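Here is a short briefing to read beside the sequence and the model. Topics follow one another as bullet points.

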Amino acid sequence: MHIAILTFEGYNELDSLIALGVLNRIKGDDWRVTIATPSPKVTSMNGVVIEQMSTLEEACEADAVIVGSGVATREVVEDPAIMDVLRRLDPSRQLIAAQCSGALVLARLGLLEDVPACTDLITKPWVVAAGVEVLNQPFYAKDNVATAGGCLASHYLAAWIISRLKGQEAAEGALHYVAPVGEKEEYIERALRNITPYLPAAVPALA
């Protein structure tokens with residue numbers, strides 16, 4: 001399984017790197033998590049430089065994709081070179097998730113038609129302007145498309161993807177590792193309360 005986290009110039013570290021950390025709690029030769037970028041290096045909104053682990057083209061063939069957010073998302077959706085590649089994303093064969101302003105990318109790709117979304121408060125008017133209903137909640141998923149709003153909701157996306165690809169027990173294990181000491185059960189319960197209503201009856205679905 002390849003899970004790609006789309007990460008652009010001006011990216012939000014919390015959105016891309018928390019998901020990366022939680023997803024990488026799953027170990028195995030059949031599990032690979034990468035930061036997918038449009039260039040060899042990208043710099044975050046706070047000056048953190050990371051190197052490309054996979055290309056956008058490779059991400060379009062991944063089993064699951066998280067579209068990360070950042071301060072330049074509106075520039076991303078106006079970049080034909082990037083958007084032409086991302087039009088190959090296909091929820092009929094991939095899990096596709098978006099964090100915060102990543103929902104704007106999905107909206108502009110037409111992947112949120114008749115699907116409400118979660119996003120951050122700054123991005124909300126842009127997503128609404130793109131014709132998408134924005135929910136006042138941290139996580140929502142329909143079939144193979146999910147969105148999360150708020151930086152610290154990124155672990156919900158990671159847990160949803162793990163649940164879909166490896167099962168809920170694996171997701172609980174990943175969350176248990178990263179959860180604060182003394183709050184692990186509460187942390188896991190809250191995460192599952194948010195994602196379980198949107199999981200199919202049979203998990204994993206794409207394994």
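The charged end of Arg25 lies over the ring of Tyr177, at 3.5 Å from the ring's centre. The model is predicted. Its largest nonpolar core holds 40 residues, and the structure contains zero disulfides.

**Nonpolar cores**

- Within the 40-residue core, Leu23, Phe139 and Trp160 have the most contacts.
- Helix H7 spans residues 154-166 and is the biggest contributor to this core, giving eight residues.
- Another core lies apart from that one. This other core has 36 residues, including Phe8, Ala62, Val134 and Leu135.

**Trp160 and the aromatic rings**

- Which residues does Trp160 touch, beyond those up to four places away in sequence? Leu95, Ile96 and Ala97 are among them. So are Phe139, Ala141, Asp143, Asn144, Val145 and Ala146. Ile195, Tyr198 and Leu199 complete the list.
- The count of aromatic pairs is three.
- Ring pairs join Phe139, Tyr140, Trp160 and Tyr198 into a cluster.
- Two of these names recur from the core: Phe139 and Trp160 are among the residues with the most contacts inside it.

**Cysteines**

- How many disulfides does a search of the whole structure find? The result is zero.
- The closest cysteine sulfur to that of Cys100 belongs to Cys151, at 4.9 Å. A disulfide needs the two sulfurs within 2.5 Å, so the sulfurs of Cys100 and Cys151 are too far apart for a bond.
- Cys100 is buried, with 2% relative accessibility.
- Cys60 is buried too, because its relative accessible area is 0% and the cut-off for buried is under 20%.

**Positive phi outside glycine**

- Cys100 has a positive phi of about 50°, although it is not a glycine. Cys100 sits in the loop between strand S7 (95-99) and helix H5 (102-108).
- Asp143 also has a positive phi, near 55°, and is a residue other than glycine. Its place is the loop between strand S8 (139-142) and S9.
- Is Asp143 buried or exposed? Asp143 counts as exposed, at 60% relative accessibility. Asp143 is also one of the residues that Trp160 touches.

**Thr147 in strand S9**

- Thr147 belongs to strand S9, residues 145-148.
- Thr147 counts as buried because its relative accessibility is 1%, and the limit is under 20%.
- A polar atom of the Thr147 side chain is 2.8 Å from the backbone nitrogen of Cys118.
- Neighbours within four places in sequence aside, Thr147 is in contact with Ala98, Ala103, Leu106, Leu112, Pro116 and Ala117, among others. Its contacts also include Cys118, Pro138, Phe139, Tyr140 and Leu157.
- Phe139 and Tyr140, both in contact with Thr147, are members of the ring cluster.

**Met45 in a loop**

- Met45 is in the loop between strand S3 (41-43) and strand S4 (49-51).
- Met45 is partly exposed, with a relative accessible area of 39%.
- Which residues does Met45 touch, not counting those up to four places away in sequence? Met45 touches Gly10, Tyr11, Asn12, Glu13 and Val71.
- Glu9 is 36 residues from Met45 in sequence, and their C-alpha atoms are 7.9 Å apart.

**Two glutamates**

- Glu51 lies in strand S4. At 55% relative accessibility, Glu51 is exposed.
- Leaving out neighbours within four places in sequence, Glu51 is in contact with Pro40 and Lys41.
- Between Glu51 and Ser101, which are 50 residues apart along the chain, the C-alpha separation is 21 Å.
- Glu57 lies in helix H2, residues 56-59. Glu57 is partly exposed, with 38% relative accessible area.
- Not counting residues up to four places away in sequence, Glu57 touches Val85 and Arg88.
- Glu57 and Glu133 are 76 residues apart in sequence, and 29 Å apart from C-alpha to C-alpha.

Definitions and conventions
Residues are numbered from 1 along each chain as its sequence is written. This is a predicted model: local features need pLDDT of at least 70, side-chain atom pairs count only at pLDDT 80 or more; totals for chains, interfaces and linings use all residues. Side-chain values use heavy atoms; hydrogens and water are left out. A nonpolar core is a set of buried Ala, Val, Leu, Ile, Met, Phe, Trp, Tyr and Cys residues joined through side-chain atoms within 4.5 Å. Buried means under 20% relative accessible area, exposed over 50%, partly exposed in between (1.4 Å probe, protein chains only). Helices (H or I, at least four residues) and strands (E, at least two) are DSSP runs, numbered from the N terminus. Contact means heavy atoms within 4.5 Å. Rings of Phe, Tyr and Trp (its six-membered ring) pair if their centres lie within 6.5 Å; planes under 30 degrees apart count as stacked, over 60 as edge-to-face and the rest as tilted. A charge sits over a ring if NZ of Lys or CZ of Arg is within 6 Å of the ring centre and within 35 degrees of the ring normal. A polar contact is a pair of N or O atoms within 3.5 Å; within protein, one must be able to donate a hydrogen and the other to accept it, and residues adjacent in sequence count only if both atoms are side-chain atoms.
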